[in-house]
Amino acid sequence: MKQLVILSGKGGTGKTSLAAAFAHLAQDGSAPIRAVLADADVDAANLALVLHPERLETHDFTGGSVAVIDAPRCQGCGICEQVCRFDAIDSDAGVYVVDPIACDGCAACVYQCPEDAIHMQPQTAGRWYRSESRYGPLFHADLFPAQENSGKLVTLVKQNARLLALDTDSQVVIVDGPPGIGCPVIAAAAGADLAVIVTEPTVAGVHDLRRILQTTAHFRIPALVVVNKADIYPQGAAEIEAICAEQGIGLIGQIPFDPTVTEAMLNGEPVTAYRAEAPSSQALAAIWQNVAARLA
Ligand code: SF4
Ligand code: SF4
């Protein structure tokens with residue numbers, strides 16, 4: 001069983017469209033590949049919006065903990081307010097309370113309270129789901145606003161996808177990764193056999209491509225590059241081609257700008273399922289053939 005992760009240096013490059021198309025193409029044709037899908041973009045999960053899966057399971061995700069003051073034990077000494085570096089503790093007429101949004105969960109106040117009046121309480125920081133889509137099982141999640149630990153939630157989503165893939169003899173886990181190069185991206189890419197990086201031929205796209213290539217190189221994950229909307233700025237596409245050549249990275253496809261992609265999204269379909277003859281679908285089919293051959 002192989003893990004394929006789809007990444008991009010920044011959001012809005014078409015990563016989810018690519019993931020949805022791969023999910024469709026994997027089970028299409030004469031030699032279908034059994035895939036389990038994981039949407040690791042837990043801050044803005046939208047693969048489910050395209051695939052319209054049926055939700056089978058919902059689980060709470062416990063993130064960090066926040067401090068809670070036990071009012072009857074508190075003697076109002078104010079030590080906790082002084083030690084909190086995050087200004088999360090305040091008093092109102094001698095009553096000390098913790099602002100759960102500001103609390104970083106460091107527990108310094110717990111150790112310093114002379115009355116043992118503060119404890120740490122785990123917080124439900126989000127939810128994760130197991131769903132069934134037309135193109136296979138999908139694991140996805142929602143991190144609640146202002147919550148941290150997205151890397152931990154990404155790992156949880158991936159672990160469950162991987163376990164199901166092993167249980168069902170699936171050949172590939174397709175992970176739709178988060179944008180950027182931060183902790184959730186590293187969590188999404190960890191253990192991947194192959195990364196497909198989607199970029200756009202813009203100045204920002206070229207800059208972000210360099211950064212994400214550094215990340216995949218650092219973690220020794222083989223990477224391939226796809227240029228989306230390649231025809232909107234040919235000079236940028238040529239620059240991406242040069243970067244790939246210079247770094248020995250395979251540039252496996254250039255998808256033309258195609259309004260059908262948005263039309264398909266609005267209709268809740270991967271573009272390859274919505275209109276197979278569209279220019280973008282043709283390009284995506286060729287890209288998938290290349291990716292599938294490398295995963296075999
Ligand atoms: S340190 Fe403890 S006793 Fe003092 S104000 Fe804070 S909670 Fe109350
Ligand atoms: S746990 Fe840390 S951040 Fe939270 S209230 Fe206590 S000292 Fe402040």
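## Close-up views of a predicted model

**View 1. H119 and the residues it touches.** Setting aside residues up to four places away in sequence, H119 touches V68, D70 and V110. This is a predicted model, so keep that in mind for every view here. H119 sits in strand β6, which covers residues 118–133. V68 is a long way off along the chain, 51 residues from H119, yet the two C-alpha atoms are 5.5 Å apart in space. Is H119 buried, exposed or partly exposed? Count the other C-beta atoms within 10 Å of H119 and you get 13, so it is partly exposed; 12 or fewer would have made a residue exposed, and 20 or more buried.

**View 2. The surroundings of ligand 1.** Zoom in on ligand 1 and you'll find 13 residues around it. The closest are C74, C77, I79, C80 and C113. Sorted by class, this shell has nine nonpolar, three polar and one charged residues.

**View 3. The surroundings of ligand 2.** Which residues are closest to ligand 2? They are A67, C84, C103, C106 and C109, out of 14 that surround this ligand. The class tally for the ligand 2 shell is 12 nonpolar, one polar and one charged.

**View 4. The β4–β5 hairpin.** Here strand β4 (residues 89–92) runs antiparallel to strand β5 (residues 95–98), and four bridges join them. Look for D92, whose bridge partner in β5 is V95. Two residues lie between the strands of this hairpin. One to pick out in the turn is A93, with a positive phi of about 50 degrees.

**View 5. Helix α5 and its packing.** Helix α5 takes in residues 150–167, 18 residues in total. From first C-alpha to last it reaches 26 Å, close to the 26 Å expected at 1.5 Å a residue. Quite a list of its residues is buried, including S150, K152, L153, V154 and L156. Farther along the helix, V157, K158, N160, A161 and A165 are buried too. What do the buried residues of α5 pack against? Their partners are the strands β2 (35–39), β3 (54–69), β6, β7 (136–143) and β8 (172–179), plus helix α6 (183–189). Just past the end of α5, D169 has a positive phi of about 55 degrees.

**View 6. A237 in helix α8.** A237 belongs to helix α8, residues 234–247. This alanine is buried because 21 other C-beta atoms lie within 10 Å, and the cut-off for buried is 20 or more. Ignoring neighbours within four places in sequence, A237 is in contact with P201, V227, A230 and Q254. A286 is 49 residues away along the chain, and its C-alpha is 18 Å from that of A237.

**View 7. Stepping back to the whole chain.** The domain assignment splits the protein chain into domain 1, made of 2–53 + 134–295, and domain 2, which is 64–124. Between the C-alpha centres of domain 1 and domain 2 there are 43 Å. Along its principal axes, the C-alpha trace spans about 70 × 40 × 35 Å. In secondary structure, the chain has 11 helices and 11 strands. Of the 296 residues, 46% are buried. Among contacts between residues at least 6 apart in sequence, 75% join residues at least 24 apart.

How values were computed. Residues are numbered from 1 along each chain as its sequence is written. Chains are lettered from A and ligands numbered from 1 in the order in which they are written. This is a predicted model: local features need pLDDT of at least 70, side-chain atom pairs count only at pLDDT 80 or more; totals for chains, interfaces and linings use all residues. A residue is near a molecule or strand if its C-beta atom, placed from the backbone, lies within 6 Å of it. Ala, Val, Leu, Ile, Met, Phe, Trp, Tyr, Cys and Pro count as nonpolar, Asp, Glu, Lys and Arg as charged, and the others, Gly among them, as polar. Two strands pair if DSSP finds at least two bridges between them. Two residues are in contact if their C-beta atoms, placed from the backbone, lie within 7 Å. The expected span of a helix is 1.5 Å times one less than its number of residues. Domain bounds come from an automatic or database domain assignment.
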